[in-house]
Amino acid sequence: MPSPRRSRPLVPVLLCLLAAFTVRPAAAEGEQALSGPPDDGGLSTRVARLHQEAERATRRYEAGARRLEAERVRAGELNRMLAEKRQEAKALREDLGRYARAQYRAGGGLPVTAQLLLADDPEALMTSHRAVWRADLAVHNVIEKSRRAERRLTEERRKAEQRSRQLEQRSTELAGIRQEIQTTLEEAQGLLQGRADASVAAGSCRGAVRLEEPEQAAVGPWVAPVDGYTLSAGFGQGGARWASRHTGQDFAVPIGTPVRAVGEGRVTRVACGGPFGIEVVIEHPGGHYTQYAHLAAVTVDQGQQVGAGQVIAQSGTSGNSTGPHLHFEVRVTPASGSALDPVPWLSARGVPLG
């Protein structure tokens, strides 16, 4: 049996450990301390890149589809022109046949020499024959010209049909590439959202991930929070999904869509858990705050200064959300319950939403 003298040194150690746990600061409600560098494994970056690849593939596919449609229209126009030329040539041949038969009947089938010998006015007959010859030559020239035009149109139509077949094949290839990228993107989006849901369930944010900034044109002092959106639930809208009224504007976008700061400011809140899921709040000069909620990942740290158009997060469907979207609020305080309608607020700053 161990003696009391030997067990005493353990008491100070236990007391130190207890003190360490006791003095650890508790996170504010709904705002959990970051758990250190995120174990992202490049997933957020992969989703961002796949979004860009999907956009490029879609643009290539749509451009190819426009070229294909233009070639089909051109081929149809050539078919119409060719049909007209063939009809024109047929009418000319029929006219020439009638003309030849009329001349044969007028001459009684006699050779020109016999007609001259029997004519009462040989000079008038020769003049008549020269006129007939010139008319005959003119008709034959018109027919030959029509045949050349028909051959040219036939060749152009053949080339147009060949281009159409090539474009159809390319369109099929581009559709396959786009679908492959989309399938890969959806799988990565599922993984990203799964990690976001795990963070919300644990109430512990994984920390900011670092993304390559997607290409963007020069921006003004204020921008829309996302690109390629569809406006869904609006400010003040009622329904069973909200305790009272909807306090922001929802932007329906796919999971992983880059979310941008609408204006310059300082990140005052990065939180996980609660009805907003993963959220970011930014304080802007002039006393307004903007909130970005239901995120899948955050790319900024609390206290960080951000510029207009800077990517601060990736959209998702964390928290009380029925589908992928960004919940965006404008507030007069950093806390919920002080929201303004974001649509006129952004419009007054040169960012109309449509």
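**Aromatic pairs, a disulfide and local contacts in a predicted chain**

Buried residues account for 35% of the 354 residues in the chain. The model is a predicted one. Its secondary structure comprises 6 helices and 10 strands. The accessible surface amounts to about 20600 Å², and carbon and sulfur atoms contribute 55% of it. Contacts between residues at least 6 apart in sequence were also examined; 71% of them join residues at least 24 apart.

The search for aromatic pairs covered the whole structure and returned 4. One of them is formed by tryptophan 222 and tryptophan 345. Their geometry is edge-to-face, with 5.3 Å from centre to centre and 85° between the planes. The two residues are 123 apart along the chain, and the pair links distant parts of it. Tryptophan 222 sits in the loop between helix H5 (122-202) and strand S1 (230-231). Tryptophan 345 belongs to helix H6 (residues 342-347). Their accessibilities fall into separate classes. Tryptophan 222 has 22% relative accessibility and so counts as partly exposed. Tryptophan 345, at 7% relative accessibility, counts as buried.

A second pair joins tyrosine 292 and phenylalanine 328. The ring centres are 5.4 Å apart and the planes meet at 55°, so this pair is tilted. Tyrosine 292 is in strand S6 (residues 289-298), while phenylalanine 328 is in strand S9 (residues 326-331). The pair therefore ties together parts that are 36 residues apart in sequence. Both tyrosine 292 and phenylalanine 328 are buried. These two residues also take part in a cluster. Ring pairs connect them there with Tyr229 and Phe251.

Charged side chains also lie over aromatic faces. Arginine 349 is placed over the face of tryptophan 222, 5.6 Å from the ring centre. Tryptophan 222 thus has an arginine over its face as well as an edge-to-face partner in tryptophan 345. Elsewhere, arginine 178 lies over the face of tyrosine 61. The distance to the ring centre is 4.2 Å in that case.

The disulfide count is 1. The bond joins cysteine 205 to cysteine 272, with an S to S distance of 1.9 Å. The torsion about the S-S bond of cysteine 205 and cysteine 272 is about 120°, so the disulfide is right-handed. Cysteine 205 is in the loop between H5 and S1. Cysteine 272 is in the loop between strand S4 (265-271) and strand S5 (278-283). The pair therefore ties together parts that are 67 residues apart in sequence. Both ends fall below the 20% limit for burial. Cysteine 205 is buried, with a relative accessible area of 4%. Cysteine 272 is likewise buried, at 3%. The loop between H5 and S1 thus holds cysteine 205 and also tryptophan 222.

Serine 338 is found in the loop between S9 and strand S10 (339-340). With 12% relative accessibility, serine 338 counts as buried. Its side chain makes a polar contact of 2.8 Å with the side chain of threonine 333. A polar atom of the serine 338 side chain also lies 3.1 Å from the backbone oxygen of alanine 335. With neighbours within four places in sequence set aside, serine 338 is in contact with Val330, Arg331, Val332 and Thr333. Threonine 333 therefore appears both in this contact list and as the polar partner of serine 338, because the two side chains are joined by the 2.8 Å contact.

Two further positions were examined. Glycine 309 is located in the loop between strand S7 (305-306) and strand S8 (311-315). Its relative accessible area is 3%, so glycine 309 is buried. Valine 219 is 90 residues away along the chain, yet the C-alpha atoms of glycine 309 and valine 219 are separated by 6.8 Å. Alanine 70 lies in helix H3 (residues 43-106). At 47% relative accessibility, alanine 70 counts as partly exposed. Between alanine 70 and serine 164 the C-alpha to C-alpha distance is 9.1 Å, and their separation in sequence is 94 residues.

How values were computed: Residues numbered from 1 in each chain as written. Predicted model: local features only at pLDDT ≥ 70, side-chain atom pairs only at ≥ 80, totals over all residues. Heavy atoms only, no water. Phe/Tyr/Trp six-rings, centres within 6.5 Å; stacked < 30°, edge-to-face > 60°. Helix = DSSP H or I, 4+ residues; strand = E, 2+ residues; numbered from the N terminus. Buried < 20%, exposed > 50% of the residue type's maximum accessible area, 1.4 Å probe, protein only. Lys NZ or Arg CZ within 6 Å of the ring centre and 35° of its normal. Disulfide = S-S within 2.5 Å. Polar contact = N/O pair within 3.5 Å; in protein donor to acceptor, adjacent residues only side chain to side chain. Contact = heavy atoms within 4.5 Å. Areas by Shrake-Rupley, 256 points an atom, 1.4 Å probe, with all protein chains shown as cover.
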